[in-house]
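Trainee: Please give me a close account of one part of this structure. I should like each term explained as it comes up.

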Amino acid sequence: MSLDPPSSALLLRWYRAHRRELPWRAAPGVRADPYRVWLSEIMLQQTTVGAVIPYFRRFIERFPTVAALAQAPEDDVLGLWAGLGYYARARNLIACARVVAGMGGFPETIEALRALPGIGGYTAAAIGAIAFDRPVVPVDGNVERVAARIFAIEASLPKAKPTIAAAAARLGEQAAARRAPSDFAQALFDLGATICTPRNPSCMICPWRDACSAHRRGIAEELPRKEKKAVRPVRFGTVFLLRDSVGMIGLRRRPPKGLLGGMFELPGTDWESAMPETEPPIAATDWRDAGTIRHVFTHFELSLRVMAASVVVLPRGLTAAPVDTPMPTLMRKAVTAGLAALR
DNA sequence: TATCCGTGGCC
DNA sequence: TGGCCAAGGAT
């Protein structure tokens with residue numbers, strides 16, 4: 001940690017030569033649209049660029065401005081978000097858009113950004129740096145990895161987070177002096193995504209190779225070290241697909257908060273450590289076994305049995321919905337399996 | 001501080 | 001196949 005930080009000019013030169021074109025990105029040196037930066041940063045939380053791009057394009061097409069998003073019905077936004085995961089982000093997205101629209105635009109300070117729904121320390125720094133050239137280094141997983149390697153920080157995450165964050169701040173000191181925090185932040189992202197990768201980093205073509213302490217010591221790929229994660233428990237449940245005589249299916253809305261909050265689902269049992277007793281929502285005559293779906297969430301794995309039946313009229317309490325109604329991926333899998341069993 | 005919160009791709 | 005990983009935030 002007493003090492004000198006590498007040259008920001010070196011990284012910025014590399015960035016201008018190798019910069020990736022992304023839908024939310026402005027040309028080097030050009031101020032980006034804060035709305036696009038914000039929307040992309042929310043979508044990119046724990047989500048890969050490849051997964052985000054089509055969602056980002058659909059959102060921009062439907063909601064070109066933060067004012068348009070602020071006026072949208074919540075169901076439209078949740079529906080457009082369906083499949084992207086972490087649905088609290090979509091709820092916070094709406095809340096944030098409404099606050100920002102009321103303010104007449106995005107605030108430009110880190111503190112004011114940090115106070116908005118769904119914006120934490122990282123995202124405030126990212127928007128501040130990228131959209132407003134605030135002299136900060138947003139510390140995401142990429143930047144943590146780069147900083148840990150440059151300074152050969154061997155302490156394990158998450159305990160080492162503060163140490164690595166301090167190291168990342170040192171990386172940005174020169175860039176701040178050069179008035180290029182926006183390009184510098186994005187350069188760090190690109191370096192982490194394409195060169196300084198978690199596995200098999202391309203050290204031989206890295207613009208910072210000569211300054212990298214971990215590379216010099218031959219331990220770049222080992223850093224940052226991480227504590228082992230807890231084992232994922234398995235839960236079991238059953239869902240019921242009911243299709244009526246005109247081809248509509250019976251869905252219900254999940255509670256507004258918590259897992260898959262506010263999204264549509266098939267009716268079913270709770271998800272428990274052992275298969276719960278099943279009580280079909282209607283006395284259909286020919287229930288078909290549509291198989292079992294395995295779905296992995298962050299902190300548990302779900303084994304979900306799917307039962308399907310045709311009925312004349314859907315029971316009360318269920319919403320008659322088209323089969324292509326937007327819903328979380330887990331439920332999309334279950335609907336697909338159920339419909340296949342009814343053929 | 002620890003837990004909860006999705007999904008898909010990669011090796 | 002299974003564990004890891006991805007531009008984290010809220011509580």
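Mentor: A cavity is a set of points, on a 1 Å grid over the protein atoms alone, where a 1.4 Å probe fits but cannot get out; a pocket is an open set with protein on both sides within 12 Å along at least five of seven lines, and lining residues have an atom within 4 Å of a point. Points are joined across faces, edges and corners, and the volume is the space filled by probe spheres set on them. The model is predicted: local features need pLDDT of at least 70 and side-chain atom pairs pLDDT 80 or more, while totals for chains, interfaces and linings use all residues. Residues are numbered from 1 along each chain as its sequence is written, chains are lettered from A and ligands numbered from 1 in written order, and side-chain values use heavy atoms without hydrogens or water.

By this rule, one cavity of 30 Å³ or more is counted. The largest cavity has a volume of about 120 Å³. It is lined by 15 residues, and those closest to its centre are R149, C196, C203, C206 and C212. Helix α9, residues 141-150, gives the largest share of this lining, three residues (helices, H or I of at least four residues, and strands, E of at least two, are DSSP runs numbered from the N terminus). Sorted by class, the cavity lining holds eleven nonpolar, two polar and two charged residues (Ala, Val, Leu, Ile, Met, Phe, Trp, Tyr, Cys and Pro are nonpolar, Asp, Glu, Lys and Arg charged, and the others, Gly among them, polar).

From here the account follows helix α9 to the DNA. There are 26 residues around DNA strand C, and E41, T123, D140, N142 and R145 come nearest (near means a heavy atom within 4 Å). Of the strand C atoms that come within 4 Å of the protein, sugar and phosphate account for 68%. Polar contacts, pairs of N or O atoms within 3.5 Å, show how particular residues meet this strand. R145 has a polar side-chain atom 2.2 Å from a phosphate oxygen of DNA strand C, and T123 has one 2.7 Å from a phosphate oxygen of that strand. A base nitrogen of DNA strand C, in turn, is 3.2 Å from a polar side-chain atom of W24. The elements giving two or more residues to the surface near DNA strand C are α8 (121-132) and α9. Thus α9 appears both in the lining of the largest cavity and at the surface near DNA strand C. That surface has nine nonpolar, ten polar and seven charged residues.

DNA strand B offers a useful companion view. It has 18 residues around it, of which L260, V296, T298, H299 and T329 come nearest. Here sugar and phosphate make up 61% of the strand B atoms within 4 Å of the protein. A polar backbone atom of L260 is 2.4 Å from a phosphate oxygen of DNA strand B, and a polar side-chain atom of H299 is 2.5 Å from a phosphate oxygen of the strand. At a base, T47 places a polar side-chain atom 2.9 Å from a nitrogen of DNA strand B. Two or more residues of the surface near DNA strand B come from each of β4 (288-296) and α14 (329-341). By class, this surface has nine nonpolar, nine polar and no charged residues.

Technical notes: A polar contact is a pair of N or O atoms within 3.5 Å; within protein, one must be able to donate a hydrogen and the other to accept it, and residues adjacent in sequence count only if both atoms are side-chain atoms.
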